[in-house]
Amino acid sequence: MNTVEKYKKYVNTSFVKAIEPVVVIKASGSKVTGEDGKVYTDLYAGISVVNAGHCNPEVGEAAKAQIDKLVHCASYVYYAPTVADYAEKIAEVAPGRLQKTFFGNGGAEANECAMRMAKQYTKKQEFIALQGSFHGRSLATLSITGNKGRKKGGGPYMSGVAFHPAPYCYRCPFNMSYPSCDMFCAKYLERTIQYDTSDNVAAFVAETIMGEGGIIVPPKEYFKEIKKILDQYEILLLLDEVQCGFGRSGKLFAIEHYDVEPDIMTMAKGIAAGFPLSACIARPEIADSFRPGDHLSTFGGNPVSCAAGIANLNYMLREKLPEKALEKGKKFMEELRELQKKTPLIGDVRGSGLMVGVELVRDMEKTPAADEAVKIKSMMRERGFLIGLGGTFGNVLRLQPPLVISQEELSSAVTALAACFKELV
Ligand SMILES: Cc1ncc(COP(=O)(O)O)c(C=O)c1O
(Lines give C-alpha, C1' and ligand atoms only; values in the text may rest on other atoms or scores of the structure.)
Protein backbone atom coordinates (compact mmCIF):
# COMPACT_ATOMS: atom_id res chain seq x y z
CA MET A 1 0.00 0.00 0.00
CA ASN A 2 1.33 3.46 -0.76
CA THR A 3 1.01 6.47 1.55
CA VAL A 4 -2.21 7.72 0.01
CA GLU A 5 -3.86 4.31 0.28
CA LYS A 6 -2.71 3.91 3.90
CA TYR A 7 -4.04 7.37 4.74
CA LYS A 8 -7.40 6.46 3.25
CA LYS A 9 -7.56 3.22 5.20
CA TYR A 10 -5.93 4.10 8.52
CA VAL A 11 -5.64 7.86 9.10
CA ASN A 12 -8.68 9.76 10.30
CA THR A 13 -8.58 13.07 8.45
CA SER A 14 -11.26 15.39 7.24
CA PHE A 15 -9.34 16.44 4.15
CA VAL A 16 -11.25 18.78 1.91
CA LYS A 17 -11.91 16.54 -1.07
CA ALA A 18 -11.48 19.02 -3.94
CA ILE A 19 -7.71 18.60 -4.31
CA GLU A 20 -5.76 15.45 -3.47
CA PRO A 21 -3.01 16.45 -0.97
CA VAL A 22 0.69 16.27 -1.90
CA VAL A 23 2.67 13.45 -0.29
CA VAL A 24 5.48 15.45 1.31
CA ILE A 25 8.77 13.71 1.98
CA LYS A 26 11.11 16.57 2.83
CA ALA A 27 11.32 20.35 3.03
CA SER A 28 13.91 23.05 3.42
CA GLY A 29 13.56 26.84 3.76
CA SER A 30 10.72 27.80 1.42
CA LYS A 31 10.74 24.57 -0.60
CA VAL A 32 8.75 21.38 -0.14
CA THR A 33 9.53 18.16 -2.01
CA GLY A 34 6.81 15.70 -2.97
CA GLU A 35 7.15 11.93 -3.18
CA ASP A 36 7.33 12.17 -6.97
CA GLY A 37 10.40 14.41 -6.67
CA LYS A 38 8.52 17.57 -7.61
CA VAL A 39 9.75 20.64 -5.70
CA TYR A 40 7.18 23.24 -4.65
CA THR A 41 7.58 26.80 -3.46
CA ASP A 42 5.62 26.87 -0.24
CA LEU A 43 3.28 29.85 0.16
CA TYR A 44 1.43 28.35 3.11
CA ALA A 45 4.22 27.30 5.52
CA GLY A 46 2.28 24.33 6.93
CA ILE A 47 -0.61 26.68 7.83
CA SER A 48 1.62 29.55 8.85
CA VAL A 49 3.91 27.51 11.09
CA VAL A 50 7.46 27.32 9.73
CA ASN A 51 8.05 31.07 9.78
CA ALA A 52 11.80 30.54 10.24
CA GLY A 53 11.81 28.18 7.26
CA HIS A 54 11.31 24.44 6.88
CA CYS A 55 13.90 22.37 8.75
CA ASN A 56 15.72 25.46 9.95
CA PRO A 57 19.21 24.04 10.71
CA GLU A 58 19.72 26.08 13.91
CA VAL A 59 16.39 24.91 15.28
CA GLY A 60 17.17 21.33 14.27
CA GLU A 61 20.56 21.40 15.99
CA ALA A 62 19.05 22.74 19.22
CA ALA A 63 16.35 20.07 19.18
CA LYS A 64 18.83 17.27 18.47
CA ALA A 65 21.08 18.39 21.33
CA GLN A 66 18.10 18.45 23.69
CA ILE A 67 16.90 15.01 22.56
CA ASP A 68 20.18 13.52 23.79
CA LYS A 69 19.67 15.12 27.22
CA LEU A 70 15.97 15.01 28.06
CA VAL A 71 12.89 14.45 25.91
CA HIS A 72 10.14 14.47 28.51
CA CYS A 73 9.83 14.92 32.23
CA ALA A 74 6.29 16.31 32.69
CA SER A 75 7.20 19.98 32.86
CA TYR A 76 4.33 20.79 35.21
CA VAL A 77 5.44 18.18 37.75
CA TYR A 78 9.21 18.77 37.52
CA TYR A 79 11.25 21.83 36.53
CA ALA A 80 12.98 21.73 33.14
CA PRO A 81 15.61 24.35 32.21
CA THR A 82 14.57 24.88 28.57
CA VAL A 83 10.99 25.56 29.68
CA ALA A 84 12.09 28.26 32.13
CA ASP A 85 14.50 29.73 29.58
CA TYR A 86 11.95 29.95 26.80
CA ALA A 87 9.30 31.43 29.10
CA GLU A 88 11.83 34.09 30.17
CA LYS A 89 12.66 34.89 26.54
CA ILE A 90 9.01 35.17 25.55
CA ALA A 91 8.37 37.52 28.48
CA GLU A 92 11.25 39.72 27.27
CA VAL A 93 9.73 40.17 23.80
CA ALA A 94 6.00 40.07 24.61
CA PRO A 95 4.11 43.36 24.70
CA GLY A 96 3.47 45.35 27.87
CA ARG A 97 3.32 43.57 31.17
CA LEU A 98 2.69 40.08 29.78
CA GLN A 99 5.03 37.89 31.78
CA LYS A 100 3.93 34.41 32.81
CA THR A 101 3.50 31.67 30.21
CA PHE A 102 1.58 28.42 30.28
CA PHE A 103 2.94 26.09 27.60
CA GLY A 104 0.66 23.69 25.75
CA ASN A 105 0.87 21.76 22.51
CA GLY A 106 -1.43 23.57 20.09
CA GLY A 107 -3.41 26.73 19.54
CA ALA A 108 -6.72 25.41 20.84
CA GLU A 109 -5.07 24.34 24.08
CA ALA A 110 -3.56 27.79 24.56
CA ASN A 111 -6.96 29.40 24.01
CA GLU A 112 -8.63 26.97 26.43
CA CYS A 113 -6.08 28.01 29.02
CA ALA A 114 -6.69 31.69 28.31
CA MET A 115 -10.47 31.33 28.60
CA ARG A 116 -10.30 29.57 31.91
CA MET A 117 -7.77 32.05 33.26
CA ALA A 118 -9.95 34.97 32.20
CA LYS A 119 -12.92 33.46 34.02
CA GLN A 120 -10.99 32.69 37.18
CA TYR A 121 -9.37 36.12 37.32
CA THR A 122 -12.48 38.19 36.62
CA LYS A 123 -14.91 35.81 38.33
CA LYS A 124 -17.12 36.45 35.30
CA GLN A 125 -18.28 33.81 32.82
CA GLU A 126 -19.19 35.28 29.42
CA PHE A 127 -17.14 36.00 26.31
CA ILE A 128 -17.50 38.29 23.35
CA ALA A 129 -15.88 37.02 20.14
CA LEU A 130 -15.80 38.22 16.56
CA GLN A 131 -17.99 37.06 13.70
CA GLY A 132 -15.78 35.22 11.21
CA SER A 133 -13.19 34.28 13.81
CA PHE A 134 -11.46 30.94 14.32
CA HIS A 135 -9.96 29.83 17.62
CA GLY A 136 -9.54 26.05 17.41
CA ARG A 137 -11.38 22.74 17.25
CA SER A 138 -11.99 21.96 20.91
CA LEU A 139 -15.50 22.50 22.24
CA ALA A 140 -14.74 25.75 24.09
CA THR A 141 -12.72 27.22 21.24
CA LEU A 142 -15.37 26.26 18.67
CA SER A 143 -17.87 27.95 20.96
CA ILE A 144 -16.06 31.26 20.48
CA THR A 145 -15.47 30.61 16.75
CA GLY A 146 -17.72 32.76 14.62
CA ASN A 147 -18.08 30.58 11.55
CA LYS A 148 -20.82 28.00 11.05
CA GLY A 149 -18.68 26.17 8.50
CA ARG A 150 -16.26 25.18 11.23
CA LYS A 151 -18.96 24.45 13.81
CA LYS A 152 -21.57 22.47 11.94
CA GLY A 153 -22.36 19.07 13.38
CA GLY A 154 -20.58 19.72 16.69
CA GLY A 155 -23.17 21.59 18.68
CA PRO A 156 -24.67 22.50 21.05
CA TYR A 157 -21.86 24.82 22.09
CA MET A 158 -21.05 26.69 25.29
CA SER A 159 -23.56 29.32 26.30
CA GLY A 160 -22.55 32.83 27.29
CA VAL A 161 -20.86 33.80 24.02
CA ALA A 162 -21.88 36.93 22.11
CA PHE A 163 -20.61 37.54 18.58
CA HIS A 164 -19.61 41.03 17.58
CA PRO A 165 -19.31 42.22 13.93
CA ALA A 166 -15.73 41.97 12.66
CA PRO A 167 -13.67 44.87 11.27
CA TYR A 168 -13.95 43.39 7.76
CA CYS A 169 -13.70 46.58 5.72
CA TYR A 170 -14.10 44.95 2.29
CA ARG A 171 -17.47 43.59 3.41
CA CYS A 172 -18.28 46.10 6.13
CA PRO A 173 -21.14 44.69 8.22
CA PHE A 174 -22.48 48.24 8.57
CA ASN A 175 -22.03 49.17 4.90
CA MET A 176 -19.69 51.98 5.83
CA SER A 177 -16.26 52.96 4.53
CA TYR A 178 -13.02 53.48 6.38
CA PRO A 179 -11.99 56.05 7.60
CA SER A 180 -15.26 57.98 7.40
CA CYS A 181 -16.88 55.19 9.47
CA ASP A 182 -14.98 56.63 12.45
CA MET A 183 -14.43 53.10 13.74
CA PHE A 184 -18.14 52.43 14.12
CA CYS A 185 -17.57 48.66 14.32
CA ALA A 186 -15.36 49.15 17.39
CA LYS A 187 -17.66 51.68 19.03
CA TYR A 188 -20.60 49.33 18.44
CA LEU A 189 -19.07 47.08 21.11
CA GLU A 190 -21.01 49.03 23.75
CA ARG A 191 -24.21 47.89 22.07
CA THR A 192 -23.07 44.28 21.96
CA ILE A 193 -22.31 44.43 25.67
CA GLN A 194 -25.63 46.15 26.34
CA TYR A 195 -27.90 43.94 24.25
CA ASP A 196 -26.15 40.57 23.87
CA THR A 197 -24.65 39.85 27.29
CA SER A 198 -25.77 39.72 30.89
CA ASP A 199 -23.00 42.15 31.91
CA ASN A 200 -20.90 39.24 33.08
CA VAL A 201 -18.20 39.29 30.40
CA ALA A 202 -14.76 37.95 31.34
CA ALA A 203 -13.02 38.71 28.05
CA PHE A 204 -13.30 40.03 24.53
CA VAL A 205 -11.50 37.49 22.36
CA ALA A 206 -10.05 38.39 18.97
CA GLU A 207 -7.41 37.28 16.55
CA THR A 208 -5.37 40.46 16.15
CA ILE A 209 -5.42 39.68 12.43
CA MET A 210 -7.89 37.01 11.37
CA GLY A 211 -6.37 34.09 9.50
CA GLU A 212 -8.93 31.42 8.66
CA GLY A 213 -11.56 34.14 8.34
CA GLY A 214 -9.76 35.40 5.22
CA ILE A 215 -6.87 37.60 6.41
CA ILE A 216 -8.84 40.43 7.96
CA VAL A 217 -6.57 43.26 9.09
CA PRO A 218 -8.35 45.72 11.42
CA PRO A 219 -7.72 49.45 10.81
CA LYS A 220 -4.95 50.92 12.93
CA GLU A 221 -7.29 52.65 15.42
CA TYR A 222 -9.40 49.54 16.01
CA PHE A 223 -7.91 47.99 19.13
CA LYS A 224 -7.48 51.36 20.90
CA GLU A 225 -11.23 51.99 20.52
CA ILE A 226 -12.04 48.46 21.63
CA LYS A 227 -9.73 48.65 24.66
CA LYS A 228 -11.28 51.94 25.79
CA ILE A 229 -14.69 50.30 25.99
CA LEU A 230 -13.34 47.10 27.57
CA ASP A 231 -11.63 49.07 30.33
CA GLN A 232 -14.86 50.89 31.06
CA TYR A 233 -16.64 47.54 31.60
CA GLU A 234 -13.67 45.78 33.26
CA ILE A 235 -13.49 43.21 30.47
CA LEU A 236 -10.13 41.64 29.59
CA LEU A 237 -8.62 41.86 26.12
CA LEU A 238 -7.67 38.30 25.12
CA LEU A 239 -5.74 38.25 21.87
CA ASP A 240 -5.27 35.12 19.81
CA GLU A 241 -1.93 35.46 18.01
CA VAL A 242 -1.76 31.76 17.21
CA GLN A 243 -1.60 32.51 13.50
CA CYS A 244 -0.66 36.18 13.17
CA GLY A 245 2.11 36.10 15.79
CA PHE A 246 5.81 35.34 15.60
CA GLY A 247 6.83 37.67 12.85
CA ARG A 248 4.12 36.76 10.38
CA SER A 249 2.50 40.22 10.30
CA GLY A 250 5.76 42.15 9.98
CA LYS A 251 6.16 42.66 13.74
CA LEU A 252 7.00 39.93 16.22
CA PHE A 253 3.43 40.23 17.50
CA ALA A 254 0.66 41.72 15.37
CA ILE A 255 -0.67 43.83 18.25
CA GLU A 256 2.55 45.88 18.05
CA HIS A 257 0.99 47.50 14.96
CA TYR A 258 -1.78 48.85 17.21
CA ASP A 259 0.08 50.08 20.30
CA VAL A 260 -2.32 48.40 22.70
CA GLU A 261 -1.51 46.10 25.60
CA PRO A 262 -3.48 42.85 25.77
CA ASP A 263 -4.27 41.27 29.14
CA ILE A 264 -3.80 37.72 27.90
CA MET A 265 -2.27 36.59 24.62
CA THR A 266 -2.01 33.17 23.00
CA MET A 267 0.46 31.94 20.43
CA ALA A 268 1.38 28.64 18.76
CA LYS A 269 2.19 27.79 15.12
CA GLY A 270 5.37 29.87 14.55
CA ILE A 271 6.77 29.68 18.08
CA ALA A 272 8.88 26.55 17.61
CA ALA A 273 9.32 26.33 13.81
CA GLY A 274 7.19 23.20 13.48
CA PHE A 275 7.77 21.49 16.83
CA PRO A 276 4.46 21.23 18.71
CA LEU A 277 4.27 24.04 21.24
CA SER A 278 1.81 26.74 22.22
CA ALA A 279 1.86 29.45 24.83
CA CYS A 280 -0.65 31.46 26.79
CA ILE A 281 0.98 34.50 28.37
CA ALA A 282 -0.64 36.86 30.85
CA ARG A 283 0.11 39.57 33.35
CA PRO A 284 1.32 37.91 36.58
CA GLU A 285 -1.76 38.79 38.61
CA ILE A 286 -4.00 37.23 35.93
CA ALA A 287 -1.78 34.15 35.52
CA ASP A 288 -1.78 33.67 39.29
CA SER A 289 -5.53 33.17 39.27
CA PHE A 290 -4.65 29.51 38.64
CA ARG A 291 -4.49 27.89 42.04
CA PRO A 292 -2.39 24.75 42.72
CA GLY A 293 -3.67 21.87 40.63
CA ASP A 294 -5.95 24.00 38.45
CA HIS A 295 -4.22 23.61 35.12
CA LEU A 296 -1.76 21.14 33.64
CA SER A 297 -0.82 19.49 30.37
CA THR A 298 1.15 16.21 30.34
CA PHE A 299 3.10 17.12 27.21
CA GLY A 300 2.87 20.89 27.65
CA GLY A 301 6.25 22.60 27.85
CA ASN A 302 8.06 19.74 26.16
CA PRO A 303 11.81 20.32 26.70
CA VAL A 304 12.65 19.54 23.05
CA SER A 305 9.96 21.88 21.70
CA CYS A 306 11.16 24.59 24.09
CA ALA A 307 14.81 24.13 23.01
CA ALA A 308 13.63 24.41 19.40
CA GLY A 309 11.57 27.45 20.35
CA ILE A 310 14.53 29.27 21.88
CA ALA A 311 16.67 28.63 18.78
CA ASN A 312 13.73 29.69 16.59
CA LEU A 313 13.24 32.99 18.41
CA ASN A 314 16.98 33.73 18.49
CA TYR A 315 17.15 33.11 14.75
CA MET A 316 14.11 35.30 14.06
CA LEU A 317 15.44 38.22 16.05
CA ARG A 318 19.00 37.97 14.77
CA GLU A 319 17.92 37.67 11.14
CA LYS A 320 15.27 40.38 11.63
CA LEU A 321 12.63 38.14 10.08
CA PRO A 322 9.65 40.29 11.18
CA GLU A 323 11.14 43.47 9.67
CA LYS A 324 12.04 41.62 6.49
CA ALA A 325 8.55 40.13 6.30
CA LEU A 326 7.10 43.64 6.47
CA GLU A 327 9.24 44.80 3.55
CA LYS A 328 8.75 41.69 1.43
CA GLY A 329 5.03 41.73 2.09
CA LYS A 330 4.71 45.36 0.98
CA LYS A 331 6.38 44.65 -2.35
CA PHE A 332 4.44 41.39 -2.76
CA MET A 333 1.12 43.17 -2.19
CA GLU A 334 2.08 45.94 -4.60
CA GLU A 335 2.66 43.32 -7.30
CA LEU A 336 -0.60 41.58 -6.42
CA ARG A 337 -2.44 44.91 -6.66
CA GLU A 338 -0.97 45.40 -10.12
CA LEU A 339 -2.37 42.00 -11.03
CA GLN A 340 -5.71 42.99 -9.50
CA LYS A 341 -6.00 45.89 -11.98
CA LYS A 342 -5.99 43.39 -14.87
CA THR A 343 -8.03 40.68 -13.13
CA PRO A 344 -11.73 41.34 -12.43
CA LEU A 345 -11.89 38.16 -10.34
CA ILE A 346 -9.61 39.74 -7.72
CA GLY A 347 -11.86 41.83 -5.49
CA ASP A 348 -9.38 42.69 -2.76
CA VAL A 349 -5.72 42.31 -1.86
CA ARG A 350 -4.97 42.83 1.81
CA GLY A 351 -2.58 41.82 4.49
CA SER A 352 0.21 42.69 6.85
CA GLY A 353 3.76 41.45 6.40
CA LEU A 354 3.64 37.99 4.87
CA MET A 355 0.07 37.32 5.95
CA VAL A 356 -1.62 38.11 2.66
CA GLY A 357 -5.15 37.47 1.39
CA VAL A 358 -6.49 37.73 -2.15
CA GLU A 359 -10.28 37.73 -2.14
CA LEU A 360 -11.93 36.44 -5.31
CA VAL A 361 -15.34 37.71 -6.39
CA ARG A 362 -17.52 37.08 -9.46
CA ASP A 363 -19.02 40.52 -9.93
CA MET A 364 -19.41 44.07 -8.65
CA GLU A 365 -21.81 42.74 -6.00
CA LYS A 366 -18.82 40.85 -4.56
CA THR A 367 -20.39 37.43 -5.04
CA PRO A 368 -17.78 35.10 -3.50
CA ALA A 369 -15.88 33.09 -6.12
CA ALA A 370 -15.17 29.97 -4.05
CA ASP A 371 -15.05 27.43 -6.92
CA GLU A 372 -12.61 29.66 -8.77
CA ALA A 373 -10.44 29.88 -5.64
CA VAL A 374 -10.27 26.06 -5.48
CA LYS A 375 -9.31 25.97 -9.17
CA ILE A 376 -6.60 28.59 -8.70
CA LYS A 377 -5.19 26.63 -5.78
CA SER A 378 -5.06 23.50 -7.92
CA MET A 379 -3.55 25.32 -10.92
CA MET A 380 -0.92 26.94 -8.70
CA ARG A 381 0.04 23.50 -7.49
CA GLU A 382 0.46 22.33 -11.06
CA ARG A 383 2.84 25.24 -11.50
CA GLY A 384 4.79 24.30 -8.38
CA PHE A 385 3.31 26.62 -5.74
CA LEU A 386 1.43 25.60 -2.59
CA ILE A 387 -1.17 28.09 -1.37
CA GLY A 388 -3.98 28.05 1.22
CA LEU A 389 -7.66 28.95 1.07
CA GLY A 390 -9.80 30.66 3.66
CA GLY A 391 -12.52 33.18 4.31
CA THR A 392 -16.05 32.67 5.54
CA PHE A 393 -17.05 31.83 1.95
CA GLY A 394 -13.87 29.92 1.04
CA ASN A 395 -13.00 32.49 -1.63
CA VAL A 396 -9.77 33.96 -0.23
CA LEU A 397 -6.35 32.80 -1.42
CA ARG A 398 -4.10 32.71 1.62
CA LEU A 399 -0.47 33.50 0.92
CA GLN A 400 1.52 32.94 4.10
CA PRO A 401 4.97 31.65 3.11
CA PRO A 402 7.93 30.96 5.39
CA LEU A 403 9.35 34.40 6.19
CA VAL A 404 12.70 33.35 4.72
CA ILE A 405 11.21 33.24 1.22
CA SER A 406 12.99 35.50 -1.27
CA GLN A 407 11.46 38.48 -3.04
CA GLU A 408 12.19 36.70 -6.34
CA GLU A 409 10.20 33.67 -5.27
CA LEU A 410 7.31 35.95 -4.30
CA SER A 411 7.46 37.69 -7.67
CA SER A 412 7.45 34.36 -9.49
CA ALA A 413 4.38 33.39 -7.46
CA VAL A 414 2.62 36.53 -8.76
CA THR A 415 3.65 35.61 -12.32
CA ALA A 416 2.26 32.10 -11.79
CA LEU A 417 -0.96 33.51 -10.36
CA ALA A 418 -1.32 35.78 -13.41
CA ALA A 419 -0.96 32.75 -15.69
CA CYS A 420 -3.55 30.81 -13.65
CA PHE A 421 -6.10 33.65 -13.84
CA LYS A 422 -5.51 33.92 -17.59
CA GLU A 423 -6.07 30.19 -18.01
CA LEU A 424 -9.23 30.31 -15.89
CA VAL A 425 -10.98 32.95 -17.99
C1 LIG B 1 -6.11 32.02 15.13
C2 LIG B 1 -6.07 30.57 15.47
N3 LIG B 1 -6.35 30.18 16.72
C4 LIG B 1 -6.30 28.89 17.06
C5 LIG B 1 -6.01 27.91 16.15
C6 LIG B 1 -5.98 26.47 16.56
O7 LIG B 1 -4.68 26.01 16.61
P8 LIG B 1 -4.38 24.43 16.66
O9 LIG B 1 -4.81 23.86 15.35
O10 LIG B 1 -2.89 24.37 16.86
O11 LIG B 1 -5.14 23.91 17.82
C12 LIG B 1 -5.72 28.27 14.83
C13 LIG B 1 -5.40 27.23 13.82
O14 LIG B 1 -5.42 27.44 12.65
C15 LIG B 1 -5.76 29.63 14.48
O16 LIG B 1 -5.51 30.04 13.23
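**Entry 1: the ligand**

Which helix gives the largest share of the shell around the ligand? I looked this up in a predicted model. My answer is helix H5, which spans residues 107-122 and supplies three residues of the shell.

Next I listed the neighbours. I found 15 residues around the ligand. Gly106, Gly107, Ala108, Val242 and Gln243 come nearest. I then sorted the shell by residue type. It divides into seven polar, five nonpolar and three charged residues.

**Entry 2: the whole chain**

I stepped back to look at the chain. I noted 15 helices and 15 strands. How compact is the chain? Its radius of gyration is 21 Å, and the globule rule gives 22 Å for 425 residues. The two values are close, so I wrote down that the chain is as compact as a globular protein of that length.

I also checked the box. Along the principal axes, the C-alpha atoms fill roughly 60 × 55 × 45 Å. Then I checked burial. Of the 425 residues, 50% count as buried. Last came the contacts with a separation of 6 or more. Residues 24 or more positions apart account for 74% of them.

**Entry 3: two domains**

Where do the domains lie along the chain? The domain assignment gives domain 1 as 3-55 + 320-424, and domain 2 as 57-318. I noted that domain 1 is written as two stretches. The C-alpha centres of domain 1 and domain 2 lie 24 Å apart.

I turned to the contact between them. Domain 1 puts in 32 residues and domain 2 puts in 31 residues. On the domain 1 side, I looked for elements that give two or more residues. They are helix H2 (45-48), helix H13 (321-342), strand E11 (346-352), strand E12 (355-360) and strand E15 (396-399). The residues of this side divide into 14 nonpolar, 13 polar and five charged.

**Entry 4: one open sheet**

I traced a sheet of four strands. The order is E1-E2-E3-E13, the sheet is open, and the pairing is mixed. Why do E1 and E13 each have one side without a neighbour in the sheet? Strand E1 (24-28) and strand E13 (385-386) stand at the edges, and each has a single partner strand, so one side of each is left without a neighbour.

I reminded myself of a general point. Strands of a sheet pair through backbone hydrogen bonds, either parallel or antiparallel. Then I looked at one pair. E1 and strand E2 (residues 31-34) run antiparallel, and four bridges join them. I picked out Val24, whose bridge partner in E2 is Gly34.

Key
Residues are numbered from 1 along each chain as its sequence is written. This is a predicted model: local features need pLDDT of at least 70, side-chain atom pairs count only at pLDDT 80 or more; totals for chains, interfaces and linings use all residues. Two strands pair if DSSP finds at least two bridges between them. A residue is near a molecule or strand if its C-beta atom, placed from the backbone, lies within 6 Å of it. Ala, Val, Leu, Ile, Met, Phe, Trp, Tyr, Cys and Pro count as nonpolar, Asp, Glu, Lys and Arg as charged, and the others, Gly among them, as polar. Domain bounds come from an automatic or database domain assignment. Two residues are in contact if their C-beta atoms, placed from the backbone, lie within 7 Å. The radius of gyration is taken over C-alpha atoms; the globule rule is 2.2 Å times the number of residues to the power 0.38. A residue is buried if 20 or more other C-beta atoms lie within 10 Å of its own, exposed if 12 or fewer, and partly exposed in between; C-beta atoms are placed from the backbone.
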